[in-house]
Amino acid sequence: MEHMDEWLFLWINGGAEQLVFLNPLMIFLSKYAVLFFMIGALVYWFTRARDNRRMIAEALLSGLIGVTVNWIIGEIIYRDRPFVTLHAIQLVGHEANASFPSTHSLGAFVVAMTIWQFRRRAGWVWLILAAGIALGRVWTGVHYPGDVLAGALIGMLISVLVHRLFTRISLASNLMELGIYWYERMENKVWPRASYRNR
């Protein structure tokens, strides 16, 4: 299995030499596309729609759980970066730390999957972008395909479990609603809604 992962890595990473015109896009996806998820989360949150706020709250909780799980797995199953052990084409500078699983891939798929569970159409766009980030991490030489696949699967699984927690357990749902309610009370003192200003 490891040999297959190395072979796949060398094949995908080899594109950096054979399809040079794609390198700027892959570098962007690998390094900067994750910013779209951060910007997207802020935009969804500040639309001030309750459903969007539930969605982003779930994404944040899923992300925190995901990063914790990712760190634990990385400590238990340490794997060198491909540029440490293979003759890789490295387009993005990176510390030679644990490679498995990919935090970028996990984070992108956590958010994308959470959005997909609330908004199918928009969710597909975010999932495609997450897949682009995962591909970019391999293309630029900082992750094996198995790293990004594991990150994606862990991220999606955690997102689904967290969503089920809030849709099937009323106590969890009520606690989230209470948290959003108190946040919105404080927010309205600083940034009143139009309906409040017109009273």
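**Exercise 1. Decide whether Arg48 and Glu187 are buried or exposed, and work out what joins them.**

Step 1. Arg48 and Glu187 are both buried; buried means under 20% relative accessible area, exposed over 50%, and partly exposed in between, with a 1.4 Å probe and protein chains only. Keep in mind that this is a predicted model, where local features need pLDDT of at least 70, side-chain atom pairs count only at pLDDT 80 or more, and totals for chains, interfaces and linings use all residues. Residues are numbered from 1 along each chain as its sequence is written, and side-chain values use heavy atoms, with hydrogens and water left out.

Step 2. Arg48 and Glu187 form a salt bridge, with their closest N and O atoms 3.2 Å apart. A salt bridge here is a side-chain nitrogen of Lys or Arg within 4 Å of a carboxyl oxygen of Asp or Glu.

Step 3. The pair links distant parts of the chain: Arg48 sits in the loop between helix 4 and helix 5, Glu187 sits in helix 10, and they are 139 residues apart. Helices (H or I, at least four residues) and strands (E, at least two) are DSSP runs, numbered from the N terminus.

Step 4. Look at the backbone too: Arg48 comes just after helix 4 and takes a positive phi of about 70°.

**Exercise 2. Find which residues are linked with Arg48 and Glu187 in a network of salt bridges.**

Step 1. Start with Arg53, which forms a salt bridge with Glu184; their closest N and O atoms are 3.1 Å apart. Arg53 lies in helix 5 and Glu184 in helix 10, so this pair ties together parts 131 residues apart in sequence.

Step 2. Check the accessibility of each partner. Arg53 counts as buried because its relative accessibility is 0%, and Glu184 counts as buried at 9%.

Step 3. Move on to Glu177 and Arg54, a salt bridge whose closest N and O atoms are 2.7 Å apart. Glu177 is in helix 10 and Arg54 in helix 5, so parts 123 residues apart in sequence are tied together. Glu177 counts as partly exposed at 23% relative accessibility, whereas Arg54, at 11%, counts as buried.

Step 4. Put the network together: Arg48, Arg50, Arg53, Arg54, Glu177, Glu184 and Glu187 are linked by salt bridges. The total count of salt bridges is eight.

**Exercise 3. Compare the span of helix 4 with what it should be, and find where its buried residues lie.**

Step 1. Helix 4 covers residues 34-46, which makes 13 residues. The expected span of a helix is 1.5 Å times one less than its number of residues, so helix 4 should span 18 Å; its end C-alpha atoms are 19 Å apart, which agrees.

Step 2. Now pick out its buried residues: Phe37, Gly40, Tyr44 and Trp45. They cover an arc of only 130° around the axis, which puts them on the same side of helix 4. The arc is that of the directions from the helix axis to the C-beta atoms.

Step 3. These buried residues pack against helix 5, helix 7 (103-118), helix 8 (120-139) and helix 10 (170-190).

**Exercise 4. Describe the surroundings of Asn52 and Ser30.**

Step 1. Asn52 lies in helix 5 (residues 50-76) and is buried, with a relative accessible area of 6%.

Step 2. The side chains of Asn52 and Arg119 share a polar contact of 2.5 Å. A polar contact is a pair of N or O atoms within 3.5 Å; within protein, one must be able to donate a hydrogen and the other to accept it, and residues adjacent in sequence count only if both atoms are side-chain atoms.

Step 3. Leaving aside neighbours within four places in sequence, Asn52 is in contact (heavy atoms within 4.5 Å) with Tyr44, Thr47 and Arg119.

Step 4. Ser30 belongs to helix 3 (residues 23-31) and is buried, at a relative accessible area of 0%. Its side chain makes a polar contact of 3.1 Å with the side chain of Thr140. Not counting residues up to four places away in sequence, Ser30 touches Val92, His104, Gly136, Arg137, Thr140 and Val142.

**Exercise 5. Sum up the whole chain: how many helices and strands does it have, and what share of its residues is buried?**

Step 1. The chain has eleven helices and zero strands.

Step 2. Of the 199 residues in the chain, 45% are buried.

Step 3. Among contacts with a separation of 6 or more, 77% are between residues 24 or more positions apart.
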